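Here is a short walk through this protein, written for someone who would like to find their way around it on screen. Have a look at the sequence and the structure first.

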Amino acid sequence: MQKANATSAGSAAKGFLIPLVVIAVMAGGVAMAVYRAAVPQPPQASYSEIAPVEATVGASLAIDREEAELGEMTVEEVASATFRLKNTGTQPVEFSQVRTSCMCTFAKIALPDGNSPEFNMAMHNDATANTWKGVLAPGEEALVTVTYKPSLMPVEGSVARNVKFATTDPQNPVVELGVHATVKGGATG
Ligand SMILES: [Cu+2]
């Protein structure tokens, strides 16, 4: 028995239908890709552990940079980078759910009316840190300081760590600020 010999009406119909279905699925995929490219998609909150926050129309955050280079450091050294955030909108911006990507990385937010607690990974933050919310009024600036302490989790080489948090800026529902360092030698010492 050879498949190629099948000549019944049923087989012929099937042979015609399968390529049709494949073409329809492919066309659907292309149409979706075209749609996604043409219609602006809302910013993706890519961190499932950060709960969506209701956005405030008119809240608008300007961030001076999203990455900072800490350069070369030894395992014993501590390095920090500061990021400047400004509310360029007409409504207050609220920050919440601040957490870092690793236990060796800490973050603090300095607001005009005071400093936040020190943040670490969500699982290591105490209740005060995990429920902390900060408000930045229009025209005001906040400084986010990210501190990397490689000795707490010794590694060598190229290291990237970050802090992320939710904001009420519709354009920045989740802000991620990253630091990079090159850790030299002695990691296992
Ligand atoms: Cu770490």
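## A valine in the middle of things

Let us start with Val146, which touches Ser80, Ala81, Thr105, Ala107, Val163, Leu177 and Val179, leaving out residues up to four places away in sequence. Bear in mind as you look that this is a predicted model.

## The nonpolar core

Val146 belongs to the largest nonpolar core, a group of 27 residues. Which residues have the most contacts inside this core? They are Val98, Ala107, Val144, Val146 and Val163. Several strands build the core: β3 (79-87), β4 (93-100), β5 (105-111), β8 (141-148), β9 (157-167) and β10 (174-184) each bring at least two residues to it. The most comes from β10, with 5 residues.

As background, nonpolar side chains tend to be buried together in soluble globular proteins.

## The overall plan

Stepping back, the protein has 2 helices and 10 strands. Along the sequence they follow the pattern α-β-β-β-β-β-β-α-β-β-β-β. Of the 189 residues in the protein, 24% are buried.

How much of the contact map links residues far along the chain? Among contacts with a separation of 6 or more, 73% are between residues 24 or more positions apart.

## A mixed sheet

One open sheet has 5 strands in the order β2-β10-β9-β4-β7, and its pairing is mixed. At its edges stand β2 (67-74) and β7 (133-136); each has a single partner strand, so one side of each is left without a neighbour in the sheet. From one strand to the next, the twist averages 30°.

At the β7 edge, β4 and β7 run antiparallel and are joined by 4 bridges. If you want a pair of residues to find there, Ser96 stands opposite Lys133 in β7.

## An antiparallel sheet

Another open sheet of 5 strands has the order β1-β3-β8-β5-β6, this one with antiparallel pairing. Its edge strands are β1 (61-63) and β6 (114-115), each of which pairs on one side only.

The strands β5 and β6 run antiparallel, with 2 bridges joining them. Here Leu111 stands opposite Gly114 in β6.

## A glycine after β10

Now follow the chain to Gly185, in the segment after β10. Is Gly185 buried or exposed? With 9 other C-beta atoms within 10 Å, Gly185 is exposed, because a residue with 12 or fewer such atoms counts as exposed.

Gly185 still has partners from elsewhere in the sequence: leaving aside neighbours within four places, Gly185 is in contact with Thr74 and Glu156. Gly185 and Thr74 are 111 residues apart in sequence, yet their C-alpha atoms are 6.7 Å apart in space.

## How confident is the model?

The mean pLDDT of the protein is 85, and 76% of its residues reach 70 or more. Where does the confidence drop below 50? Over residues 1-8 the pLDDT stays under 50, and the model gives this stretch 1 contact beyond four places in sequence. Residues 40-48 also have a pLDDT below 50; that stretch has 10 contacts in the model beyond near neighbours in sequence.

Conventions:
Residues numbered from 1 in each chain as written. Predicted model: local features only at pLDDT ≥ 70, side-chain atom pairs only at ≥ 80, totals over all residues. Core = buried A, V, L, I, M, F, W, Y, C linked by C-beta atoms within 7 Å. Buried ≥ 20, exposed ≤ 12 C-beta atoms within 10 Å, placed from the backbone. Contact = placed C-beta atoms within 7 Å. Pairing = 2+ DSSP bridges. Axes fitted to C-alpha atoms, helices over the stretch in contact; angles between N-to-C directions. pLDDT = per-residue confidence, 0-100.
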